[in-house]
Amino acid sequence: MKKLFLTGCVSLFIFSCSKKETPSVDATSSETTAVSEPSKTNLSGDQIIETLDCSGCHAVNERMIGPSYKEIAEKYSQKDIELLASKIIEGGSGVWGGVPMSPHPQVSKEDAKKMVEYILSQKK
């Protein structure tokens with residue numbers, strides 16, 4: 001029974017950590033296409049988070065598969081922006097439990113820093 005539960009959790013994690021595609025309309029065409037990377041200049045950190053799979057594992061106020069943004073903000077500070085941005089891009093494991101965070105190589109360093117700044121702004 002434990003193996004079945006663990007297998008289900010891992011499957012849910014893998015399924016929920018797939019990238020969301022955001023439709024966009026090309027100004028010269030009426031066709032809708034998928035955006036593979038958020039704009040570096042037009043989106044705020046929370047908007048970038050919304051375009052990705054983050055909500056499958058994280059929430060602002062409650063622990064899910066991963067820690068809440070408030071928990072992260074309590075543990076880290078502004079001096080950790082580079083470290084946390086790298087973890088978003090490269091993935092990570094072991095800090096918050098046994099479930100690893102999947103890498104997000106499609107996110108630019110600049111966008112990852114915006115995401116971290118938003119997360120750190122959740123500090124009480």
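Salt bridges make a good place to start: this predicted model holds 4 of them. Three of the pairs are described here, and two of those share a residue, Glu82.

**The network around Glu82**

Glu82 meets the side chain of Lys109 in a salt bridge, with 3.5 Å from N to O. Glu82 lies in helix 4, which covers residues 81-90, while Lys109 belongs to helix 5, residues 109-120, so this contact ties together parts of the chain that are 27 residues apart in sequence. A second partner for Glu82 is Lys113, and here the N to O distance is 2.6 Å. Lys113 also sits in helix 5, so its pairing with Glu82 in helix 4 joins parts 31 residues apart in sequence. Taken together, Glu82, Lys109 and Lys113 are linked in a network of salt bridges.

How accessible are the members of this network? Glu82 is partly exposed, with a relative accessible area of 41%. Lys109 is partly exposed too, at 33%, and Lys113 is likewise partly exposed, at 27%.

**The pair of Glu71 and Arg63**

Another salt bridge joins Glu71 to Arg63, and the closest N and O atoms of this pair are 2.9 Å apart. Glu71 has a relative accessible area of 27%, which makes this residue partly exposed. Arg63, at 42% relative accessibility, also counts as partly exposed.

Here are the three pairs side by side, for easy checking against the structure.

| Salt bridge | N to O distance |
|---|---|
| Glu71 and Arg63 | 2.9 Å |
| Glu82 and Lys109 | 3.5 Å |
| Glu82 and Lys113 | 2.6 Å |

**Cysteines without a disulfide**

Now to the cysteines. How many disulfides does a search of the whole structure find? The search returns 0 disulfides. Cys54 is a handy residue to inspect: the nearest cysteine sulfur belongs to Cys57 and is 8.5 Å away. A disulfide needs the two sulfur atoms within 2.5 Å, so Cys54 and Cys57, with their sulfurs 8.5 Å apart, do not make one.

Are these two cysteines buried or exposed? Cys54 is buried, with a relative accessible area of 11%. Cys57 counts as buried as well, at 6% relative accessibility.

If you have the model open, Glu82 is a nice residue to centre the view on, as its side chain meets those of both Lys109 and Lys113. From there you could turn to Cys54, which is in no disulfide and is buried.

Notes:
Residues numbered from 1 in each chain as written. Predicted model: local features only at pLDDT ≥ 70, side-chain atom pairs only at ≥ 80, totals over all residues. Heavy atoms only, no water. Buried < 20%, exposed > 50% of the residue type's maximum accessible area, 1.4 Å probe, protein only. Helix = DSSP H or I, 4+ residues; strand = E, 2+ residues; numbered from the N terminus.
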